[in-house]
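Welcome, and please open your viewer. We will go from stop to stop, with something to select at each one.

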Amino acid sequence: TTATTLRVQDIQPGEYGSYPKDMSGVNGRLYFAASDGSNGRELWTTLGTAASTTMSDLFDATGSSSISG
């Protein structure tokens, strides 16, 4: 709900957003695509805490993995 929805980590601090999209929940974990500003659009996952929010750099370079769907 709006009352219980909150940001657990600012993936790309500053004036530009991380533009999270293509969110999918599996067994209590949320998977989504987002950009941190230096790795391009990559796969992220979280259990709802800052400590559990991590990126998987699938395209090991400065380019984007172009995660979608």
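In what order do the four strands of the open sheet lie? Switch to a cartoon view and follow them across: the order is β1-β2-β3-β4, and the pairing is antiparallel. Keep in mind as you look around that this is a predicted model.

**The edges of the sheet**

Select residues 21-26 and then 54-56. These are β1 and β4, the edge strands, and each of them pairs on one side only. Now tilt the view to see how the strands cross: neighbouring strands of this sheet are turned against each other by 30° on average, ignoring direction.

**From β1 to β2**

Stay with β1 and add its partner, β2. The two run antiparallel, and four bridges join them. To find a place where they face each other, select K21 and look across to β2, where A33 stands opposite.

**An aromatic pair**

Next, show the side chains of F32 and W44. A search of the whole structure finds one aromatic pair, and this is where you meet it: F32 and W44 are stacked, with 6.5 Å from centre to centre and 15° between the planes. Which strands hold these two residues? F32 lies in β2 and W44 in β3, so the pair ties together parts that are twelve residues apart in sequence. Are they buried or exposed? Turn on a surface to check: both F32 and W44 are buried.

**The loop between β2 and β3**

Follow β2 (29-35) to its end and on towards β3 (41-46); N39 lies in the loop between them. Select N39 together with D36, and you will find a polar contact of 2.8 Å joining their side chains. Why does N39 count as buried, although it sits in a loop? Its relative accessible area is 16%, and buried means under 20%.

**A salt bridge**

For the last stop, select R7 and D10. How many salt bridges does a search of the whole structure find? The search finds one. D10 forms a salt bridge with R7, and the closest N and O atoms are 3.8 Å apart. Compare the two partners on the surface. R7 has a relative accessible area of 63%, so R7 is exposed. D10 is at 36% relative accessibility and therefore counts as partly exposed, the class between under 20% and over 50%.

Technical notes
Residues are numbered from 1 along each chain as its sequence is written. This is a predicted model: local features need pLDDT of at least 70, side-chain atom pairs count only at pLDDT 80 or more; totals for chains, interfaces and linings use all residues. Side-chain values use heavy atoms; hydrogens and water are left out. Buried means under 20% relative accessible area, exposed over 50%, partly exposed in between (1.4 Å probe, protein chains only). A polar contact is a pair of N or O atoms within 3.5 Å; within protein, one must be able to donate a hydrogen and the other to accept it, and residues adjacent in sequence count only if both atoms are side-chain atoms. Two strands pair if DSSP finds at least two bridges between them. Axes are lines fitted to C-alpha atoms, for helices over the stretch in contact, and angles run from 0 to 180 degrees between N-to-C directions. A salt bridge is a side-chain nitrogen of Lys or Arg within 4 Å of a carboxyl oxygen of Asp or Glu. Rings of Phe, Tyr and Trp (its six-membered ring) pair if their centres lie within 6.5 Å; planes under 30 degrees apart count as stacked, over 60 as edge-to-face and the rest as tilted.
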